[in-house]
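Subject: Structure handover and findings on helix packing

Dear colleague,

Please find below the structure that I am passing to you. I would be grateful if you could read the notes after it with the model open.

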Amino acid sequence: MPDATSETDASGAVLVPVGQSVTLRQTVGYAVDAALEADDPRLHFVAPVAWHDIGDVGADVYDETEDLLERVEVWAREDAGDTSITVETALIGTDEYLFSPDDYARVIAEYAADHGISEVVVDPEFSPGGNVPLLRPMEVDLVRRGLSVQEASVDRQTRRARLTRAGGLLQFGLLFGVAFAFYQLLGGFKIASGDSYYFYYELVTGAVSAGIVAGALHRISLSSRPNVPRIFRQGLRLVLYVPYLLYEIIVANIAITYIILHPKMPIEPRMTRVRAAVGDSTALTTLANSITLTPGTLTVQSEGQDLYVHALFESAREGLFDGALERAVRFAFYGRSSAAIATPRERDDCEILQNPDEEEETEAEANAAEEGGN
């Protein structure tokens with residue numbers, strides 16, 4: 001737990017991030033007690049929303065979160081009794097793509113700064129990233145931003161997510177199909193060769209292998225019950241995405257060929273950073289790998305939503321900043337409406353981190369200054 005103080009904010013304002021958890025009710029009571037220690041008790045309950053209403057994702061997230069905030073406000077007033085207390089609720093991060101702990105910490109800290117709050121009480125079961133354990137790094141980041149953070153003292157011990165979850169036939173069937181298809185892919189799809197021996201051999205061995213994988217992992221690999229209509233729509237859009245990616249790869253290969261054949265070899269190697277507007281780990285991985293598959297660009301590192309990409313020539317870098325692949329990936333995973341967003345350049349979510357020409361100029365100026373001093 002980060003270094004925190006038990007003293008209440010002198011202004012009487014306490015900020016509480018809210019999310020579904022088994023200890024939320026107790027956390028509300030703890031926060032009310034903390035706020036009532038001040039002369040002018042004020043409570044701010046905020047709910048970071050990781051997704052807004054786009055395409056297939058989060059269509060009902062607003063209603064669910066607003067209902068939760070309404071319940072929290074009722075609980076707070078019940079716990080305060082006859083004591084006068086100000087309770088405010090708000091959705092935050094609705095126009096952003098919250099992914100990493102610092103994203104959640106940033107929107108919480110911005111709300112705190114806007115309302116003059118320095119005290120934050122967090123639910124020990126608060127999980128802003130769903131199944132992803134972001135609470136501890138988020139707390140550390142809040143403290144780093146100058147906020148006083150304390151975890152609510154609750155009777156029930158914090159429960160950590162179990163490795164396995166309740167499975168079902170749908171989860172087993174989906175993972176079985178994926179494993180069977182992958183097995184056939186590795187085997188070169190000999191099952192379709194027309195040879196009866198290969199057909200039965202690949203069918204039996206593929207089914208056995210896929211059954212073992214699905215039986216062992218269907219309670220672990222899938223974080224929730226699969227949404228078949230959503231998966232079907234995503235599958236269709238991914239089928240459309242593959243030809244587009246192949247087109248981008250062909251165009252980039254032509255550009256690489258031109259550079260190789262050009263007498264002056266006009267390359268401009270630069271290390272760049274792009275903050276991807278995707279909030280799903282699978283979508284982010286797809287984008288990073290698509291960038292790497294496109295000649296001229298190589299995803300070197302990923303930190304949260306930040307992709308560090310080495311671009312070999314200017315047109316590759318400009319294409320990256322224009323966000324064509326990003327929009328295509330968003331379309332594949334979230335639908336047509338999600339693709340209509342600003343480019344990384346327009347969002348100011350991209351920058352050149354390495355410029356050899358500027359480094360040489362700086363070094364030359366430094367050498368000149370040193371020679372002049374001598």
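The notes below cover two helix pairs, one residue in the first of them, and one further helix. Please bear in mind that this is a predicted model.

The first pair is H5 and H6. Helix H5 spans residues 169-186, and its axis lies 8 Å from that of H6, at an angle of about 135 degrees. An angle of about 135 degrees does not exceed the 145 needed for roughly antiparallel, and the two helices are therefore oblique to each other. The crossing of H5 past H6 is right-handed. On the H5 side, the contact is formed by Phe172, Leu175, Phe176, Ala179, Phe180, Tyr183 and Gln184. H6 contributes Glu202, Leu203, Thr205, Gly206, Ala207, Ser209, Ala210, Gly211, Val213, Ala214, Gly215 and Leu217. Sorted by class, this contact of H5 with H6 comprises twelve nonpolar residues, six polar ones and one charged residue.

Gly215 may be worth inspecting individually. Gly215 belongs to helix H6, which covers residues 196-217, and is one of the residues in contact with H5. The relative accessible area of Gly215 is 40%, which makes this residue partly exposed. Its C-alpha atom is 8.3 Å from that of Phe176, although 39 residues separate the two along the chain.

The second pair is H7 and H10. Helix H7 (residues 228-261) packs with helix H10 (residues 324-334) at an angle of about 160 degrees, and 7 Å separates their axes. H7 is therefore roughly antiparallel to H10. Their crossing is left-handed. From H7, Gln234, Arg237, Leu238, Leu240, Tyr241, Tyr244, Leu245 and Glu248 meet Ala324, Leu325, Ala328, Val329, Phe331, Ala332, Phe333 and Tyr334 of H10. The contact of H7 with H10 contains 13 nonpolar residues, one polar residue and two charged residues.

Finally, I turn to H3. This helix runs over residues 101-114, 14 residues in total, and extends 20 Å from first to last C-alpha, close to the 20 Å expected at 1.5 Å a residue. Its buried residues are Pro101, Asp103, Tyr104, Ala105, Val107, Ile108, Ala109, Tyr111 and Ala112. Among the elements that cover these buried residues are strands E1 (13-17), E2 (42-48), E3 (86-92) and E6 (270-275), together with helix H4 (135-144). Gly116, just after H3, adopts a positive phi of about 65 degrees.

With kind regards

Terms used:
Residues numbered from 1 in each chain as written. Predicted model: local features only at pLDDT ≥ 70, side-chain atom pairs only at ≥ 80, totals over all residues. Heavy atoms only, no water. Helix = DSSP H or I, 4+ residues; strand = E, 2+ residues; numbered from the N terminus. Buried < 20%, exposed > 50% of the residue type's maximum accessible area, 1.4 Å probe, protein only. Axes fitted to C-alpha atoms, helices over the stretch in contact; angles between N-to-C directions. Parallel < 35°, antiparallel > 145°, perpendicular 65-115°, else oblique. Left-handed = near helix turned anticlockwise from the far one by under 90°. Contact = heavy atoms within 4.5 Å. Nonpolar A, V, L, I, M, F, W, Y, C, P; charged D, E, K, R; others polar. Expected span 1.5 Å × (residues − 1).
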